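Here are a few exercises to work through with the model open in your viewer. Try each task before you read its solution.

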Amino acid sequence: MKILTLLKRVPDTAAKIRVAGDGKRIDPAGVEFVINPYDEIALEQALRVKEAGGGHSVAVLCLGTKDATKEIRTALAMGADEGILLIDGAGERDAAASAAALAAALSEVKPDLILCGWKAVDTDDGAVPHLLAARLGLPCVTLVTKFVLDGTALTLHREVEGAEEVVSVKLPAVVSVQKGLAEPRYTSLKGIMMAKKKTIAEKPGAAAEPKVRILALEPPPERKAGRIVGTGPEAVPALVKALSEEQKLI
Amino acid sequence: MARFKGADFLSIMETQFTEEERMVRDSVREWVEDRVIPVVDRCYQEDRFPLEWKDELAKLGALGPGLVEYGGGDLSHVCRGLIYRELERGDSGLRSFASVMNSLVMFPIRAYGTKAQQDRWLPGMIRGEKVGCFGLTEPDFGSNPGGMLTRAEKVKDGWLLNGTKRWITNGTISDVAIVFAKTAEGIRGFLVEKGTPGFSAPVIRQKWSLRASITSELILEDCLVPEDALLPGTSIGLKAPLTCLSEARYGIAWGAVGVMEACYEEAFDYVMTRRQFEDKPLASHQLVQQRLSTILTETVKAELLVLQVGRLKDLGLANHAHISMAKRNNCEWALDIARTARDMLGASGITYEYRCGRHMMNMESVKTYEGAHDVHHLILGDYITGIPAYS
């Protein structure tokens, strides 16, 4: 079985984000980039399937700039067999435009299973898996927390409100994963050295018109400093007054 | 969690290391941040080396680097150095475990052992299933190993070993000890397996340094080992053990940089945030800035020194005197920096809530072992002048 994992290069969740001069993007200077953590979970799951035996292969596909070679190289070091980088042009991409480029590439690669994170932590859209499946005419199972592959029968557990849903799906399919499915491994040092010998194919990402455009990106307003109303039991009346009359909380 | 970025004042990481080298650094760093730093102060207080670290180090591929034919990764000497630097940023005890396994146990088995000895020990050690230790130092002979009292007598069924080794990292948890002993011809190395009658490895307690590391004695009382326990490639004399030590010292020189980085980071954060006089951060005072400046400068110098020795080693051009210079300089400065950082933290610096005190106590050992500070001066002095001054 040919498994393909989608990867997105995103700012490290711990990075301090600043808005760029155009007011529409983040300023990448000084920001550490990583594999989208949810995609990393998807990759871990793909690698576990491969390592369980049965002759499966794992490829990773990333739509991004040349800088994303670093994230693909990390995926290869973790154990993926090959990488594909769809070079993104200068144009703006929303989820629909991204899905269009990914679908165009995937219709050539024809994987048996497409795994990805349920959302990317940069834009928080969570729309690409659905849009991609729709474009490819494939079934889509989202928010998967358990993955059971028996031969070619794939059973998936998914998170739903207050319950767990168990579904089976016919391959090929698009499966998006949720936290808790599989803890990503540390990149082994041996894997890093072996990744040198693996190939990363580069292709142009298909152009597509975005349907959603970012008009402005603004940092959240700065939080006001706290106020100390007093100390000890004698401060209680002032505290009650502040909570009831000013804040209307009690 | 925000990952440690390091000061990297001269952009050494970005300009002097390859992409693979940076990935090696990142992977070990991530493991240390997640699995070591959150628990190490507790382990230190409990005088305990967590055995799960051994298994996780193996999974990471930090055991047996370079031993490709036995399952190790094809890692350069610079990559190995980066591993030690990141491990020691966690704790010197952790780095000591890896140094002993890689440089003092697997290295001599590979370099001086028979094919059978290699097949028996190396794959299991690389997988973290087997542990080894290295017994050269004795209670009465440290800097002068040639004075050792441990004897190996040739008998009908093999060798009869008698003597005591001391300050042996990993001793108590080892499946096999590499023991150096004097034979009728001179000093030779032997593989002594756990459980051999007459062999025991009691742990040394009451340490205030390297507490998250196991330090032991090796006691050999009429310990009979078979003929094939001899490491045949160890030529008679001290050349083999000193070659092993040179390997280990190389890693220690890198490790010391990790200590410097850890202490700089901690001291910097502390003096930038603590406000004491006129509501200004401690860092606004001249004496504090002078200390930060010194720590940063010495860290950068140590990093460049060990990187150049590593590059030479990868070219096959590093010699023992290069390694002695790096080991002595970097350990001396790491200890000095840890003490300075401890001082900058005031009373807070003596608690386990902060790391510099633990690093400071560890560095007292690291400065002393694998060739004490003064001995490295003599090694370099001998190399420069051609006049040995050891005795």
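**Exercise 1.** Work out which residues of α2(B) and α10(B) meet, and how the two helices are oriented.

*Solution.* Keep in mind that this is a predicted model.
- Step 1: pick out the contacts. On the α2(B) side you'll find B:V40, B:D41 and B:Y44, and they meet B:R358, B:M361 and B:N362 of α10(B).
- Step 2: get the geometry. Two packed helices are described by the angle between their axes and the distance between the axes. Here, helix α2 (residues 19–45) and helix α10 (residues 356–368), both of chain B, pack at about 55°, with axes 11 Å apart.
- Step 3: classify. Oblique covers whatever is not roughly parallel, perpendicular or antiparallel, and 65 degrees is where roughly perpendicular starts. So α2(B) and α10(B) are oblique to each other.
- Step 4: add the hand. The crossing of α2(B) past α10(B) is left-handed.

**Exercise 2.** Do the same for α5(B) and α7(B): what is the crossing angle, and how do you classify the pair?

*Solution.*
- Step 1: the axes of α7(B) and helix α5 (residues 92–112) of chain B cross at roughly 155° and come within 9 Å.
- Step 2: angles over 145 degrees count as roughly antiparallel, so that's the label for α5(B) and α7(B).
- Step 3: α5(B) passes α7(B) in a right-handed crossing.
- Step 4: list some of the contacts. The α5(B) side includes B:S92, B:L104, B:F107 and B:Y112, while the α7(B) side includes B:A240, B:L245, B:G251 and B:V259.

**Exercise 3.** Find the largest nonpolar core and say which helix gives the most to it.

*Solution.*
- Step 1: the largest core has 139 residues, and A:L115, B:W31, B:L87 and B:W254 have the most contacts inside it.
- Step 2: the top contributor is helix α7 (residues 239–273) of chain B, with 17 residues.
- Step 3: zoom in on B:W31. Leaving out residues up to four places away in sequence, B:W31 touches A:Y186 as well as chain B residues, among them B:W53, B:E56 and B:L87.
- Step 4: don't miss the second, separate core of 19 residues, which includes A:L6, A:L86, A:A101 and A:L132.

**Exercise 4.** How many disulfides are there, and why is A:C140 not in one?

*Solution.*
- Step 1: searching the whole structure turns up zero disulfides.
- Step 2: the closest cysteine sulfur to that of A:C140 belongs to A:C116, and at 7.3 Å that's too far for a bond. A:C140 is partly exposed, at 31% relative accessibility.
- Step 3: B:C356 is in no disulfide either, as the nearest cysteine sulfur, in B:C263, is 5.7 Å away. B:C356 is buried, at 0% relative accessibility.

Definitions and conventions. Residues numbered from 1 in each chain as written. Chains lettered and ligands numbered in written order. Predicted model: local features only at pLDDT ≥ 70, side-chain atom pairs only at ≥ 80, totals over all residues. Heavy atoms only, no water. Disulfide = S-S within 2.5 Å. Buried < 20%, exposed > 50% of the residue type's maximum accessible area, 1.4 Å probe, protein only. Core = buried A, V, L, I, M, F, W, Y, C linked by side-chain atoms within 4.5 Å. Helix = DSSP H or I, 4+ residues; strand = E, 2+ residues; numbered from the N terminus. Contact = heavy atoms within 4.5 Å. Axes fitted to C-alpha atoms, helices over the stretch in contact; angles between N-to-C directions. Parallel < 35°, antiparallel > 145°, perpendicular 65-115°, else oblique. Left-handed = near helix turned anticlockwise from the far one by under 90°.
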